[in-house]
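Let's walk through this structure together, one region at a time. Have the sequence and the 3D view ready as you read.

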Amino acid sequence: MQTLISARNIKKSFRIGRKKRFLAVNDVSLDIFKGETLALVGESGSGKSTLAKLLMRLIKADEGSIAFEGQEIEELSEKEMLPFRREMQLVFQDPASSLDPRMNVRDIIAEPLETWKVYDSREKTDERIMELLDMVELKEDSLKRYPRQFSGGQRQRISIARAIAVNPKLLVCDESVSALDVCVQAQILNLLKKLKQEMDLTCLFISHDLSVVSFIADRVCVMKDGEICETAPGEKLFKSPEHEYTRYLLSSIPGQ
Ligand SMILES: Nc1ncnc2c1ncn2[C@@H]1O[C@H](COP(=O)(O)OP(=O)(O)O)[C@@H](O)[C@H]1O
Ligand SMILES: [Mg+2]
């Protein structure tokens, strides 16, 4: 199996107060394989978002190394990072705040395509936007509408369309279904599954909810207090969790 991202011994602390520092990510090593959906689960505050930001080099680690397709990215300048930025796209939890309310759907999805100068004409960009709308199962008449005119699930489809527009290699979904009703959650998870197959995507799927992850993850990393305490294939983790904390998380899923 080929590795897309490989992180070794990364640490990140934040200053809290004048003298103290809080270790949010503590000596984490992790591989993300090409084509897999790797889930990162753990309670709120366990360091999941910080780890994701470190892997995407949105923030810099205090220590450790990160390689993307074998190339070290931890020490690259912002300029050198640019080509990698395109390959790693993020879908947030709350599309209401991550989508610009003043932009219509066409412009929201066009933005990354224009930023990266993917096409040389407006026609080609619009053609791609139509294709993306179809991929995320939104109707054509969505184009001229604004984020507030959509439901939470539909807004998340817009965010996903924007994130996959430039054909990234890695899609990071940080609590991307956590704010949605269970039924809408399932629809978005199905969509992500479908896209992953169609586009040969690698996905880092972050959630505090282990039950959500069971549906989508090939492998699961369980995170606690800034450390990864267990990594296992999804099925194995649910059938025979090894770490005490994983068992605790499993026991807190309703209906188990
Ligand atoms: N920029 C920051 N400054 C200070 N503390 C931070 C910052 N970002 C995250 N933290 C702290 O690091 C810990 C992990 O946060 P986070 O990675 O957001 O956890 P999770 O995504 O698992 O909920 C939390 O205690 C949080 O308060
Ligand atoms: Mg988070």
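Before we look at any sheet, one definition helps: two strands count as paired if DSSP finds at least two bridges between them. Keep in mind, too, that this is a predicted model.

With that in hand, turn to strand β4, which covers residues 63-68 and pairs with β5 in the antiparallel sense over 2 bridges. You can find the spot by looking for Phe68, which stands opposite Gln71 in β5. In general, strands of a sheet pair through backbone hydrogen bonds, either parallel or antiparallel.

The β4 and β5 pair belongs to an open sheet of 4 strands, which has the order β2-β1-β4-β5 and antiparallel pairing. Why do β2 (20-33) and β5 (71-72) each have one side without a neighbour in the sheet? These two strands stand at the edges and each has a single partner strand, so one side of each is left open in this way.

Strand β2 also leads us to the ligand. Both β2 and α1 (48-55) supply at least two residues each to the shell around ligand 1, and the largest share, 3 residues, comes from α1. Written out in sequence order, the residues around ligand 1 are Phe14, Phe22, Ala24, Glu43, Ser44, Gly45, Ser46, Gly47, Lys48, Ser49 and Thr50. Sorted by class, this shell holds 3 nonpolar, 6 polar and 2 charged residues.

Now zoom in on the polar contacts here. A polar side-chain atom of Thr50 is 2.5 Å from an oxygen atom of ligand 1. The backbone takes part as well: an N or O atom in the backbone of Gly45 lies 2.7 Å from an oxygen atom of the ligand. For Lys48, an N or O atom of the side chain sits 2.8 Å from an oxygen atom of ligand 1. How much of the accessible area that ligand 1 has on its own does the protein cover? That area is 560 Å², and the protein covers 61% of it.

Next, let's look at the open spaces in the protein. The largest pocket has a volume of about 320 Å³. Its lining consists of 13 residues, and those nearest the centre are Arg85, Met88, Gln89, Leu90 and Arg162. Three elements give two or more residues each to this lining, namely β6 (88-91), α4 (105-115) and α6 (152-164). By class, the pocket lining has 8 nonpolar, 2 polar and 3 charged residues.

What about enclosed space? A search of the whole structure turns up 1 cavity of 30 Å³ or more, and the volume of the largest cavity is about 40 Å³. Which helix gives the most to its lining? Helix α7, spanning residues 182-199, does, with 4 residues. The full set lining the cavity is Thr37, Leu171, Leu192, Lys193, Leu195, Lys196, Leu201, Cys203 and Ile216. These divide into 6 nonpolar, 1 polar and 2 charged residues.

Our last stop is a hairpin. Strand β9 (residues 219-224) runs antiparallel to strand β10 (residues 227-233), and 6 bridges join the two. Within this pairing, Met223 stands opposite Ile228 in β10. The hairpin has 2 residues between its strands, and Asp225 takes a positive phi near 45°.

Terms used. Residues numbered from 1 in each chain as written. Chains lettered and ligands numbered in written order. Predicted model: local features only at pLDDT ≥ 70, side-chain atom pairs only at ≥ 80, totals over all residues. Heavy atoms only, no water. 1 Å grid on protein atoms, 1.4 Å probe; cavity = no way out; pocket = protein on both sides within 12 Å on 5 of 7 lines; lining within 4 Å. Points joined across faces, edges and corners; volume = space filled by probe spheres on them. Nonpolar A, V, L, I, M, F, W, Y, C, P; charged D, E, K, R; others polar. Near = heavy atom within 4 Å. Polar contact = N/O pair within 3.5 Å; in protein donor to acceptor, adjacent residues only side chain to side chain. Areas by Shrake-Rupley, 256 points an atom, 1.4 Å probe, with all protein chains shown as cover.
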